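Reader: I have a structure open here and I'm not sure where to begin. Could you walk me through it?

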Amino acid sequence: MRLMVEFTTEPFELDSFPDHAKAARRVVDEAGLAVSVGPFGTSAEGEAEQALAAVTRLLRETLDAGATRISVQVSVLDEDNRTPEGVGTP
């Protein structure tokens, strides 16, 4: 099973890339997930075990790096790497 994990870390900083955001990006990159950065968050796709392990590590490391809020959404992807609602990467 493939999953898409979408996440946002806060607080937002407009003048720099905060340490908690750097930690989150490092975690998903090191997990080998396919990453897409958007204006309101980041999404990463991969096999379920790989993605779930990355979420656990992401939560720990971003909190340690100063995040005060982390929003996470996990979606199951179908055979075409789309979420059941049709949202996702084609």
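Author: Let us begin with one residue, Thr8, which counts as buried because its relative accessibility is 16%, and the cut-off for buried is under 20%. Please keep in mind throughout that this is a predicted model.

Reader: OK, and which strand is Thr8 in?

Author: Thr8 lies in strand 1, and that strand covers residues 2–10.

Reader: What does Thr8 touch, if I skip its sequence neighbours?

Author: Once the neighbours within four places in sequence are left aside, Thr8 is in contact with Phe40, Gly41, Arg69, Ile70 and Ser71. With Phe40 there is also a more specific detail to look at, since a polar atom of the Thr8 side chain lies 2.9 Å from the backbone oxygen of Phe40.

Reader: Let me zoom out. How many helices and strands does the chain have?

Author: There are two helices and four strands in the chain, and if you read along the sequence you will find them in the pattern β-α-β-β-α-β.

Reader: And how much of the chain is buried?

Author: Of the 90 residues in the chain, 33% are buried. The accessible surface of the chain comes to about 5600 Å², and 52% of that belongs to carbon and sulfur atoms.

Reader: What about contacts between residues that are far apart in sequence?

Author: If you take the contacts between residues at least 6 apart in sequence, 65% of them join residues at least 24 apart.

Reader: Which residues have the most contacts inside the largest nonpolar core?

Author: That core has 15 residues, and the ones with the most contacts inside it are Val5, Phe7, Val28, Leu33, Ala51 and Leu58. Two or more residues come from each of strand 1, helix 1 (19–30) and helix 2, with helix 2 giving the largest share, five residues.

Reader: Pick one of those for me. What does Val5 touch?

Author: Not counting neighbours within four places in sequence, Val5 is in contact with Thr42, Ser43, Ala44, Ala51, Val55, Val72, Gln73 and Val74.

Reader: Val74 caught my eye. Is Val74 buried or exposed?

Author: Val74 falls in between and is called partly exposed, because its relative accessible area is 42%. This residue lies in strand 4, and together with Leu52, Leu59 and Val72 it forms a nonpolar patch on the surface, with about 280 Å² of accessible area together.

Reader: Which elements supply that patch?

Author: Helix 2 (48–64) and strand 4 (69–77) each supply at least two residues of the nonpolar patch.

Reader: New topic: charges. How many salt bridges are there?

Author: The structure holds six salt bridges. One of them joins Arg25 and Asp29, whose closest N and O atoms are 3.0 Å apart. These two residues are about one helical turn from each other, because they are four residues apart in helix 1.

Reader: How exposed are Arg25 and Asp29?

Author: Arg25 is partly exposed at a relative accessible area of 33%, and Asp29 is partly exposed as well, at 39%.

Reader: Where else in helix 1 should I look?

Author: Try Lys22 and Asp19, whose side chains meet in a salt bridge at 4.0 Å, N to O. They are three residues apart in helix 1, so about one helical turn separates them. Lys22 counts as partly exposed at 41% relative accessibility, whereas Asp19 is exposed, with a relative accessible area of 52%.

Reader: And which residue does Glu61 pair with?

Author: Glu61 forms a salt bridge with Arg57, with 2.6 Å between the closest N and O atoms. Both lie in helix 2, four residues apart, which is about one turn of the helix. Salt bridges that share partners also join Arg26, Glu30, Arg57 and Glu61 into one network.

Reader: Last thing, I clicked on Ala34. Where is Ala34 found?

Author: Ala34 is found in strand 2, which covers residues 34–37, and it counts as partly exposed because its relative accessible area is 45%. Leaving out residues up to four places away in sequence, Ala34 touches Ser43, Ala44 and Glu45.

Reader: How far is Ala34 from Met4?

Author: In sequence Ala34 and Met4 are 30 residues apart, while in space they are 9.2 Å apart, going from C-alpha to C-alpha.

Note on methods. Residues numbered from 1 in each chain as written. Predicted model: local features only at pLDDT ≥ 70, side-chain atom pairs only at ≥ 80, totals over all residues. Heavy atoms only, no water. Patch = residues over 30% accessible without salt bridge, like charges linked within 9 Å, V, L, I, M, F, W, Y side chains within 5 Å. Areas by Shrake-Rupley, 256 points an atom, 1.4 Å probe, with all protein chains shown as cover. Buried < 20%, exposed > 50% of the residue type's maximum accessible area, 1.4 Å probe, protein only. Contact = heavy atoms within 4.5 Å. Core = buried A, V, L, I, M, F, W, Y, C linked by side-chain atoms within 4.5 Å. Polar contact = N/O pair within 3.5 Å; in protein donor to acceptor, adjacent residues only side chain to side chain.
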